[in-house]
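Subject: Structure handover

Hello,

Here is the structure for you to take over. My notes come after it.

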Amino acid sequence: MKNLTFFNFFLILNLLYLLGCAYYPNYRVYSFELTEKEKTEIINAHNQWRKQVGVPNLVWSKELEKIAQNWANKLAKNYSCRMIHSSNRLGENIFWSNSPVRPKYVVDYWAQERFNYDYYSNSCRQDKICSHYTQIIWRDTKELGCARALCSKREEIWVCNYNPAGNIVGKKPY
C-alpha cells in the first residue's frame, strides 16, 4: 500500500461508494418511460375501441403523459404499486401487472369491461365494473397521455390520463 497513488485511492473510494449505493433502498429507478413505438401502440389501441362506437380518435398529450408518469412513479415508490387514483381532475385508468406487458394488452384489458356496460340503462351490470371501458370510449375526451413505472424487477404499474375526463353521471359515453 506504500505506492498507492491518488488515482488508485480515488478508484477504490468510488468502488466502495457504488457498492454501498447498490444496497441503499432509495437508490432505485422507478420511471420506465414508454418508447415512441409503445405510445403509438397504446393510442392506436384506444382509437380502435373508439372506432367501434363511432367516436373521434384521441391525440397524444405530452402534458398528460408527464402527469401520468409522475403518478405512476409515486405509486411505485410510495404505495407499493397499489392501484390508487390520483386526485387530479382528469380521467384516469390504472393497471397493475406482475410481469411485463404490451401497451395494447393494457388497453384491451380495460376494454373487456364492455361486456359489463349496458348502453340502454347507461350503467354497469350489477356488481360489475365498466368505467375503464367507458373512459376509453368517452365521446368528449380528446387527449390521452400514459406512462408506466417499475415496482420490482418484473412488476409494473400503468397510468393513463384523459382530458376532458369521462364518466360523467347521467351522461352516456357516446
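The notes below cover one strand with its partners, and then one helix.

This is a predicted model, so please read the notes with that in mind.

Strand β6

β6 runs over residues 156-163, and 7 of its 8 residues are buried. The strand has two partners listed here: β2 (residues 91-97), antiparallel over 7 bridges, and β5 (residues 143-150), also antiparallel, over 8 bridges. Glu156 of β6 appears in both pairings: Ser97 stands opposite Glu156, and Glu156 is also the bridge partner of Leu150. β5 and β6 make a hairpin, with 5 residues between the two strands.

Helix α3

α3 covers residues 62-78, which is 17 residues. From first C-alpha to last, α3 reaches 24 Å, close to the 24 Å expected at 1.5 Å a residue. At its start, a side-chain oxygen of Ser61 comes to within 3.3 Å of the backbone nitrogen of Glu63. Just after the helix, Ser80 has a positive phi of about 50°.

Which residues of α3 are buried? They are Leu64, Glu65, Ala68, Gln69, Trp71, Ala72, Asn73, Leu75 and Ala76. An α-helix has 3.6 residues a turn, so residues three or four places apart point the same way. The cover over the buried residues of α3 includes α2 (36-52), β1 (59-60), β2, β5 and β6. The strand described above, β6, is thus among the elements that cover this helix's buried residues, as are its partners β2 and β5.

Regards

How values were computed
Residues are numbered from 1 along each chain as its sequence is written. This is a predicted model: local features need pLDDT of at least 70, side-chain atom pairs count only at pLDDT 80 or more; totals for chains, interfaces and linings use all residues. Side-chain values use heavy atoms; hydrogens and water are left out. Buried means under 20% relative accessible area, exposed over 50%, partly exposed in between (1.4 Å probe, protein chains only). Helices (H or I, at least four residues) and strands (E, at least two) are DSSP runs, numbered from the N terminus. Two strands pair if DSSP finds at least two bridges between them. The expected span of a helix is 1.5 Å times one less than its number of residues. Contact means heavy atoms within 4.5 Å. A polar contact is a pair of N or O atoms within 3.5 Å; within protein, one must be able to donate a hydrogen and the other to accept it, and residues adjacent in sequence count only if both atoms are side-chain atoms.
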